[in-house]
Amino acid sequence: MTTRICRLHGQNDLRVETEETAAPGPGEALVAIGAGGICGSDLHYFQDGGFGPIRVREPIILGHEAAGTVLAVGPGVEGLEPGAHVAINPSRPCGTCSYCREGLTTHCLNMRFNGSAMRVPHEQGLFRDRIVVQAAQCVSVGDDVTLTEAACAEPLSVCLHARSMAGDVAGKRVLVSGAGPIGALCTAVAAEAGAAEIVTTDLQDIPLDVAKQMGATRTINVAHDAEALEAYAADKGYFDIVFECSAAAPAIRAAIAAIRPQGRMVQVGVAGDVPVPLNAIVGKEITLQGTQRFLGEDFEKAVALISSRRIDVRPIVTATFPLSEAQRAFETAGDRRVAVKVQLSFEAG
Ligand code: ZN
């Protein structure tokens with residue numbers, strides 16, 4: 001069966017091609033993809049040929065945020081029927097290495113993650129009309145939500161994992177630094193956990209409008225109104241928890257200034273070497289907490305929150321393009337003035 005795929009051959013060289021898809025084997029499912037979200041890493045592969053030490057060294061089918069409809073299942077698959085709408089968990093930890101045995105599957109030594117150029121051969125991604133995946137990667141979504149919404153399960157999982165690294169968020173004052181898709185969803189998970197206040201910052205107005213719809217109690221455009229954020233630095237700071245989603249040095253500095261003593265900054269955005277004001281981290285006894293991808297349970301929780309619309313992800317999807325216009329979709333996703341989450345739609349979408 002011939003299927004269309006979205007394959008990156010190198011920097012700025014994105015091609016819609018075709019490939020044969022096999023029938024699902026034992027334990028596998030054939031899924032018709034409906035929607036797939038373009039993530040920052042996909043964008044870095046496209047614009048820059050990679051990020052940090054991770055480079056695109058061979059052609060790679062992009063995409064790790066996708067949802068679709070099960071077309072067929074292989075022998076031995078139970079609990080998953082053709083016709084089911086599913087979000088695909090792109091994460092396949094080995095289950096047997098020392099970290100997996102400890103339950104730290106995000107740190108698996110043999111991780112396979114769809115659409116990742118971290119290892120060679122690259123792990124191929126989900127941007128294609130049809131794909132055979134492990135049935136265990138398919139998490140059923142409710143019938144009342146769209147595949148567009150279901151395809152947001154992966155970035156929402158990232159934010160749920162970040163929230164689990166933040167400690168108890170209920171009743172806390174939260175700063176979300178950066179309002180791209182991850183900042184918008186960190187805003188949503190903080191609201192869902194009952195944060196008392198959520199201030200979300202960005203350099204652009206459209207992402208801040210989205211953040212407001214996702215539960216921000218206040219938004220600040222720091223390009224025009226940096227003083228509004230600086231005011232929170234009075235008396236050694238205001239926020240109990242920061243979700244830092246920009247990885248930009250000025251934003252990190254401003255966020256650390258705005259955290260109260262013994263507060264916690266969860267660093268969600270990622271970059272290479274970035275200067276941080278150690279004096280403030282030490283002097284205010286701030287905990288700087290990293291967070292990496294998500295656990296299987298985070299993904300299942302994300303699907304449940306989307307299925308019930310307890311978290312309504314619809315505002316974050318600011319544009320959808322058919323696969324045939326993949327180039328335009330990537331260019332739009334790269335324009336932060338207009339885009340939060342850009343998705344591709346596929347045959348089933
Ligand atoms: Zn492992």
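Cys-97 is buried, at 7% relative accessibility. The model is predicted. In it, Cys-97 gives its SG atom to a zinc ion.

**The zinc site**

The other protein donors of the zinc ion are Cys-94 (SG), Cys-100 (SG) and Cys-108 (SG). The four donors lie 2.3 to 2.4 Å from the metal. Along the chain they follow the spacing C-x2-C-x2-C-x7-C. The site is tetrahedral, with angles of 102 to 118° among its four donor atoms. Ideal angles for four tetrahedral donors are 109.5 degrees. Is Cys-94 buried or partly exposed? Cys-94 counts as partly exposed, because its relative accessibility is 28% and the buried class ends under 20%.

A nonpolar surface patch is made up of Tyr-99, Leu-104 and Leu-109. Together these residues offer about 270 Å² of accessible area. Leu-104 sits in the loop between α2 (98-101) and β10. At 35% relative accessibility, Leu-104 is partly exposed.

**The β2-β1-β6 sheet**

Three strands form an open sheet in the order β2-β1-β6, with antiparallel pairing. The edges are β2 (13-20) and β6 (60-61). Each edge strand has a single partner, so one side of each is left without a neighbour in the sheet. Strand β1 covers residues 2-10 and is joined to β6 by two bridges. Arg-7 stands opposite Ile-61 of β6.

The loop between β6 and β7 (65-73) holds Gly-63. Gly-63 is buried, with 0% relative accessibility. The C-alpha atoms of Gly-63 and Gly-37 are separated by 7.2 Å, although the two residues are 26 residues apart along the chain.

**Salt bridges**

Side chains of opposite charge can pair when their charged atoms come close. The structure holds 20 salt bridges. Three of them are set out here.

| Pair | Closest N and O atoms |
|---|---|
| Asp-129 and Arg-4 | 2.7 Å |
| Glu-17 and Arg-7 | 2.8 Å |
| Arg-337 and Asp-335 | 2.9 Å |

Which parts of the chain does the salt bridge of Asp-129 with Arg-4 link? Asp-129 forms a salt bridge with Arg-4. This pair links distant parts of the chain: Asp-129 is in the loop between β10 and β11, while Arg-4 is in strand β1, 125 residues apart. Asp-129 is buried, at 2% relative accessibility. Arg-4 is partly exposed, with a relative accessible area of 29%.

Glu-17 forms a salt bridge with Arg-7. Glu-17 lies in strand β2 and Arg-7 in strand β1, so the pair ties together parts that are ten residues apart in sequence. Glu-17 is buried, at 18% relative accessibility. Both residues also belong to a network of salt bridges that links Arg-7, Asp-13, Arg-15, Glu-17, Glu-19 and Arg-128. Arg-7 thus appears twice in this account: opposite Ile-61 in the sheet, and in the salt-bridge network.

Arg-337 pairs with Asp-335 in a salt bridge. Arg-337 is exposed, because its relative accessible area is 54% and the exposed class begins over 50%.

**Backbone exceptions**

Most residues other than glycine have a negative phi, and most peptide bonds are trans. Three places in the model are worth listing against that background.

A cis peptide bond joins Val-120 and Pro-121, with omega about -5°. Pro-121 is in the loop between β10 (112-113) and β11 (130-134). The loop between β10 and β11 also contains Asp-129, the partner of Arg-4.

Which loop holds Ala-247? Ala-247 is in the loop between β16 (239-244) and α8 (249-258). Its phi is near 60°, a positive value in a residue other than glycine. Ala-247 is buried, with a relative accessible area of 13%.

Arg-309 has a positive phi of about 55°, although it is not a glycine. Arg-309 lies in the loop between α10 (296-307) and β19 (317-322). Arg-309 is partly exposed, with a relative accessible area of 30%.

Note on methods
Residues are numbered from 1 along each chain as its sequence is written. This is a predicted model: local features need pLDDT of at least 70, side-chain atom pairs count only at pLDDT 80 or more; totals for chains, interfaces and linings use all residues. Side-chain values use heavy atoms; hydrogens and water are left out. Helices (H or I, at least four residues) and strands (E, at least two) are DSSP runs, numbered from the N terminus. Buried means under 20% relative accessible area, exposed over 50%, partly exposed in between (1.4 Å probe, protein chains only). Donors are N, O and S atoms within 2.8 Å of the metal (3.2 Å for Na, K and Ca); water is not among the atoms, so sites may look incomplete. Four donors count as tetrahedral if all angles lie between 85 and 135 degrees; four count as square planar and six as octahedral if opposite donors are over 155 degrees apart and all others between 65 and 115; anything else is irregular. Two strands pair if DSSP finds at least two bridges between them. Patches are made of residues with over 30% relative accessible area and no salt bridge: like charges are joined within 9 Å, nonpolar side chains (Val, Leu, Ile, Met, Phe, Trp, Tyr) within 5 Å. Accessible areas come from the Shrake-Rupley method with a 1.4 Å probe; for residues, only the protein chains shown count as cover. A salt bridge is a side-chain nitrogen of Lys or Arg within 4 Å of a carboxyl oxygen of Asp or Glu.
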